[in-house]
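Me: Please take a close look at one packing contact in this structure, residue by residue. I should then like that contact to be placed within the remainder of the fold.

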Amino acid sequence: MKDNFVLETIFSRRSIRSYEDTPLKDEQINSLLEAALISPSAVNQQPWHITVLTNQDVILEWEREIINYFIDIKDDFTAKRNESRGNKIFYNAPAVFVISMEKGKEIDVGIMAQSIALAAKSMGLDSVILGLPRVSFDPRYNDKWNEKLNFPKDYLYGISVAVGYGKDAGIDRQIDISKVSYLG
Ligand SMILES: Cc1cc2nc3c(=O)[nH]c(=O)nc-3n(C[C@H](O)[C@H](O)[C@H](O)COP(=O)(O)O)c2cc1C
């Protein structure tokens, strides 16, 4: 049953790892922010902060550090996977929504990330949710990125969502019904 626009959007969203240069318009960014900020959170605490990153110099600097992190710690598996993706973390997306959070609020920011991803799809945009940038908050970086990305005091990296006009359709997937039990 995919016969309404919400279901259609949920089923057609895919992680996209290649983007056109076309920047997002302010109205698009504002709509995505509003969709994010109307997300539900436990006791309506809204334990989140969003940094909208469109400066490609900063995005590329951050990307380079993330790539180097995996090389430095000799995580060959991730370093090779990064290499197979052209050593791209943000995939040239024109906008990255970086969500920081209060400690332990992963569920709230996960829901917020999905709001952005689905809103983007409904607006004719594509997205990919990004956990890997979390490595930049390793103590070795001395809070460099918390400050650069304007996290509120004591906030931690939650998740990011890169958004733009995708250059491909992503990888098709089937649902796995074995993940379900029925207790009748
Ligand atoms: C919490 C989370 C973290 C993710 N982190 C990354 C990431 O750092 N890099 C990436 O390319 N994809 C990342 N993804 C995308 C997943 O790989 C993707 O959702 C999954 O393969 C299913 O594909 P689909 O989104 O196209 O349906 C992440 C997804 C989630 C939900």
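**The contact of H3 with H4**

Reply: In this predicted model, Ile 67, Phe 70 and Ile 71 of H3 meet Thr 78, Ala 79 and Asn 82 of H4. By class, the residues of this contact comprise 4 nonpolar, 2 polar and no charged. The axes of H3 and H4, the latter spanning residues 76-84, are 8 Å apart and pack at an angle of about 145°. The crossing of H3 past H4 is left-handed.

The account may now move from this contact to the core. H3 (56-72) is among the elements that give two or more residues to the largest nonpolar core. That core holds 41 residues, of which Phe 97, Ile 99, Ile 116, Ala 162 and Val 163 touch the most other members. Besides H3, the elements that contribute two or more residues are helix H2 (26-37), strand E1 (48-53), strand E2 (95-101), helix H5 (106-122), strand E3 (126-130) and strand E4 (156-164). The greatest contribution to this core is that of H5, with 7 residues. In soluble globular proteins, nonpolar side chains tend to be buried together.

Phe 97 provides a detailed view of the core. Leaving aside residues up to four places away in sequence, Phe 97 touches Leu 32, Ala 36, Ile 50, Val 52, Ile 116, Ser 160, Val 161 and Val 163. Among these partners, Ile 116 and Val 163 are themselves listed with Phe 97 as residues that touch the most other core members.

The loops come next. Tyr 91 is placed in the loop between H4 and E2. Although Tyr 91 is not a glycine, its phi is positive, at about 55°. Tyr 91 has 21 other C-beta atoms within 10 Å and is therefore buried, the threshold being 20 or more. Asn 44, in the loop between H2 and E1, likewise is not a glycine and has a positive phi, near 50°. Asn 44, however, has 6 other C-beta atoms within 10 Å and so counts as exposed, for which the limit is 12 or fewer.

The loop between H2 and E1 also holds Pro 47. With 18 other C-beta atoms within 10 Å, Pro 47 lies between the two limits and is therefore partly exposed. Not counting residues up to four places away in sequence, Pro 47 touches Ser 41, Met 101, Glu 102, Lys 105 and Asp 108. Pro 47 and Ser 100 are 53 residues apart along the chain, and their C-alpha atoms are separated by 8.6 Å.

Several C-alpha separations show how other parts are placed. Gly 104 belongs to the loop between E2 and H5 and is exposed, because it has 9 other C-beta atoms within 10 Å. From Gly 104 to Asp 76 the C-alpha distance is 29 Å, across 28 residues of sequence. From Gly 104 to Glu 8 the corresponding distance is 32 Å, with the two positions 96 residues apart in sequence. Glu 8 lies in helix H1 (residues 5-12) and counts as partly exposed, because it has 13 C-beta neighbours inside 10 Å. Gly 184 is located in the segment after E4 and is exposed, because it has 2 other C-beta atoms within 10 Å. The C-alpha atoms of Gly 184 and Gln 46 are separated by 36 Å, the two residues being 138 apart along the chain.

Finally, there is the ligand. The shell around the ligand consists of Arg 14, Ser 15, Arg 17, Val 128, Ile 129, Leu 130, Gly 131, Leu 132, Ile 159, Gly 170, Ile 171 and Arg 173. E3 gives the most to this shell, with 3 residues, and E3 is also one of the elements that supply two or more residues to the largest nonpolar core. The shell around the ligand divides into 6 nonpolar, 3 polar and 3 charged residues, whereas the contact of H3 with H4 has no charged residues.

How values were computed: Residues are numbered from 1 along each chain as its sequence is written. This is a predicted model: local features need pLDDT of at least 70, side-chain atom pairs count only at pLDDT 80 or more; totals for chains, interfaces and linings use all residues. A nonpolar core is a set of buried Ala, Val, Leu, Ile, Met, Phe, Trp, Tyr and Cys residues joined through C-beta atoms within 7 Å. Helices (H or I, at least four residues) and strands (E, at least two) are DSSP runs, numbered from the N terminus. Two residues are in contact if their C-beta atoms, placed from the backbone, lie within 7 Å. Axes are lines fitted to C-alpha atoms, for helices over the stretch in contact, and angles run from 0 to 180 degrees between N-to-C directions. A crossing is left-handed if the near helix is turned anticlockwise from the far one by less than a right angle, and right-handed if clockwise. Ala, Val, Leu, Ile, Met, Phe, Trp, Tyr, Cys and Pro count as nonpolar, Asp, Glu, Lys and Arg as charged, and the others, Gly among them, as polar. A residue is near a molecule or strand if its C-beta atom, placed from the backbone, lies within 6 Å of it.
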